[in-house]
Amino acid sequence: MPVRPPERDYSLTGASARYAIESGLAAAEWYHTDVPRKTMKALMQRRDGPALRDTAIWLLLHILFAAGGLSFWGSWLTVPFWLAYGVIYGSACDSRWHECGHGTAFRTRWMNDVVYQIASFQVMRNPVNWRWSHARHHTDTIIVGRDPEIAWMHPIRLGLKALAYVGVVEAWTSIGVLIRNAQGDLSDDEKDYIPASERPKAIFWARVHVAIYSVTLLSALWLLVTGHGWGSVIPILLIGGPRVYGCWHMVMTGLLQHGGLAEDVIDHRLNSRTAYMNPISRWIYLNMNYHVEHHM
């Protein structure tokens, strides 16, 4: 009988990972509610139309809020537009990344892939790393040593959770990961869930993301040295910055998914949470608040 490690080790290559594999928690047979196959097939039908409409609205709101922020630049009236732009960019990207990564937003695969790439960039996630990370998250949900996406590690550091609402630490960490990947360096944890054949793609996309952020930063510096004053922050407000100042809705909703629930169980009713939300939050969140249903 495998012996559980005395302390949690959230790495994917340590004692908890070995325990999860030896005890059968890894890739286990999960509890499932019996749903007739015909009913499930009907529920899982996908259409391009609703996703095209949603994506058009999402992109249009980017343009309208950015245009408003630029039009009223120099006045306090600019602030509401940038706050709204921040949420559309820095929070709504997370759910688009998620659904398109699963291939459940559009019926057409390339449409999912295009929006997935855009949203991955906005949320500062390497699109290759996170596609495989999330696959593992669903295979071994909140199994310590197996799930790379456990948000509530013990002991819980509530100060960092509160700080997440302004995204400084997460954005800094994410940029660090992208820079490391762009240099051809994948961590042991990343190598654990990314197949060898996919690793060159992870390095390539990290370099693309780092290049875009570098151009954005250089543009801001150029505007600063050419005397544009506060106008020099506009490139950062448009690209990258919203991941910091507009991520609060993503954090608020995302932490509800599994926070405070059981680790090392093979029943999604015990480690996932469904929450009811207002229609605006549900649109931003793409109905991901039905999280127990999603996992099951």
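This section describes the aromatic ring pairs of the structure and the arginine side chains placed over aromatic rings. The model is a predicted one.

Eight aromatic pairs are present in the structure. One of them joins Trp82 and Tyr85 in an edge-to-face arrangement, with 5.7 Å between the ring centres and 85 degrees between the planes. Both partners belong to helix H4 (residues 78-90); because they are three residues apart in this helix, about one helical turn separates Trp82 from Tyr85. Trp82 and Tyr85 are both buried. These two residues also take part in a cluster, in which ring pairs link Trp73, Trp82, Tyr85 and Tyr89.

An edge-to-face pair is likewise formed by Trp97 and Trp130, whose ring centres are 5.6 Å apart and whose planes meet at 80 degrees. This pair connects distant parts of the chain, since Trp97 lies in helix H5 (residues 92-102) and Trp130 in helix H7 (residues 127-139), with the two residues 33 apart. Trp97 has a relative accessible area of 4% and is therefore classed as buried, under the cut-off of 20%. Trp130, by contrast, is partly exposed, because its relative accessible area is 29%, a value between the limits of 20% and 50%.

Arginine side chains are also placed over aromatic rings. The ring of Trp97, besides pairing with that of Trp130, has the charged end of Arg125 over it, at 4.4 Å from the ring centre. At Tyr116, the face of the ring is covered by Arg131, at a distance of 4.2 Å from the ring centre.

Terms used:
Residues numbered from 1 in each chain as written. Predicted model: local features only at pLDDT ≥ 70, side-chain atom pairs only at ≥ 80, totals over all residues. Heavy atoms only, no water. Phe/Tyr/Trp six-rings, centres within 6.5 Å; stacked < 30°, edge-to-face > 60°. Helix = DSSP H or I, 4+ residues; strand = E, 2+ residues; numbered from the N terminus. Buried < 20%, exposed > 50% of the residue type's maximum accessible area, 1.4 Å probe, protein only. Lys NZ or Arg CZ within 6 Å of the ring centre and 35° of its normal.
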